[in-house]
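Reader: I'm new to this one and would like a close look at a single part. Could you take it slowly and then tell me what surrounds it?

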Amino acid sequence: MKEQVNRVCEFLDHHVTRRFAGPAPLNEDEGEVLPFLFHRLFTEEELNEDIYVHERVTVPLFDRFVGHCRALGYGFITPSEVLRGQHVGKRSVMVTFDDGYADNLRALPILERHDAKATFFLSPAHISEHRRFWWDALHAQGIHSFSEYQEMPFDEARSRIEGRWPGGFQPAGELDRAMSLDEFKTLAASDRVEIGHHSFNHTVLAGRDREYVKAEIEQTNAFFQRHLGFKPEAIAYPNGVYTDTLVDLCVEQGLRVGLTCDFRSERLSRNPGAERLMRLGRVMVSGTRPLLPQITAATLQPSLKRGVYGLKRALR
Ligand SMILES: [Zn+2]
């Protein structure tokens with residue numbers, strides 16, 4: 001019986017999903033936006049190193065990803081272009097990178113080759129202070145479960161880590177460091193790149209009080225103002241965690257687009273409003289699963305996705 005149910009589920013995945021995959025037709029005054037999330041771009045060899053490898057995305061895989069999106073007929077869009085209504089009448093992919101690792105610069109020739117764009121959400125303290133990310137500091141000490149630190153305010157995490165391992169925030173080498181200031185400037189100077197907020201210290205902002213959130217955003221703005229000459233208007237909430245209160249505080253600080261980690265693509269009208277724009281979904285790409293189904297899953301109509309999922313659950 002179990003085997004038969006599995007066979008039916010497999011049939012649903014392979015035939016129904018594939019046949020009906022693809023977005024519903026667009027209305028005249030809306031656009032389809034598929035935001036995707038990346039963190040790092042590794043070489044194959046680097047994946048064998050003893051480092052935290054995030055989603056194991058390699059440079060060739062990212063190259064294939066951008067190529068596939070093009071082949072499926074998608075253009076590339078950034079948050080500020082959505083604010084200007086440039087998504088209307090089109091199907092676009094919003095490529096995003098969180099955190100600001102040095103290896104993110106490997107995206108530049110790929111974006112160039114495919115005539116694509118990407119948005120990089122950075123936590124500037126790691127750039128200006130040559131500071132390692134807290135999860136890399138833990139990984140270096142053989143700690144691979146980060147849940148205890150996940151929602152902790154940064155100062156608390158820092159004093160705990162530095163208390164146990166003095167110098168723990170010092171990168172060990174090329175593989176666990178944020179981009180340098182020069183690399184940041186190179187990245188930001190590219191006309192294929194947009195820069196966005198990700199909190200100053202990479203600390204979860206949801207649940208913090210107004211002054212805390214304000215200080216994190218203001219410090220980030222000061223860094224961007226100094227080095228870019230303007231303040232970006234988009235934020236990727238650290239760890240994807242957000243609340244209605246946090247969204248309101250971000251809007252109060254002048255932010256107008258917010259990226260979550262909710263698995264969802266978007267169909268946006270010309271002026272979707274802050275309510276919608278501050279809660280955009282994102283699809284995380286994994287280097288351990290076949291690439292194309294991950295892209296097409298994001299294009300699936302939500303009603304169909306729910307239907308197939310519900311049917312499979314009922315059968316099991
Ligand atoms: Zn992050």
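Which residues of helix α13 (residues 291-299) are buried?

Author: One thing before we start: this is a predicted model, where local features need pLDDT of at least 70 and side-chain atom pairs count only at pLDDT 80 or more, while totals for chains, interfaces and linings use all residues. Residue numbers start from 1 along each chain, following the sequence as written.

Now your helix: the buried residues in α13 are I295, A298 and T299. "Buried" means that 20 or more other C-beta atoms lie within 10 Å of the residue's own (12 or fewer makes it exposed, anything in between partly exposed), with C-beta atoms placed from the backbone. Helices (H or I, at least four residues) and strands (E, at least two) are DSSP runs, numbered from the N terminus. Look down the axis of α13 and its buried residues fall within an arc of 105°, so they line one face of the helix. That arc is taken from the directions that run from the helix axis to the C-beta atoms.

What sits over that face? The cover on the buried residues of α13 includes β1 (30-38), α2 (59-71) and β9 (283-284).

Let's follow β1 a bit further. β1 pairs with β3 in the parallel sense, over seven bridges; strands count as paired if DSSP finds at least two bridges between them. One of the matches puts L34 opposite V93 in β3. As for β3 (residues 91-99), nine of its nine residues are buried. β3 also runs parallel to β2 (residues 75-76), joined to it by two bridges, with G75 partnered by S92. Then there's β4 (residues 118-122), parallel to β3 over five bridges, where F97 faces F120.

Between β3 and α4 there is a loop, and N104 sits in it. N104 is buried because 24 other C-beta atoms lie within 10 Å. Not counting neighbours within four places in sequence, N104 is in contact (C-beta atoms, placed from the backbone, within 7 Å) with L41, F97, F120, M179 and L187. The C-alpha atoms of N104 and F42 are 9.1 Å apart, though 62 residues separate them along the chain.

To step back to the full protein: it has 14 helices and nine strands, and 36% of its 316 residues are buried. Of the contacts between residues at least 6 apart in sequence, 68% join residues at least 24 apart.

Notes:
Contact = placed C-beta atoms within 7 Å.
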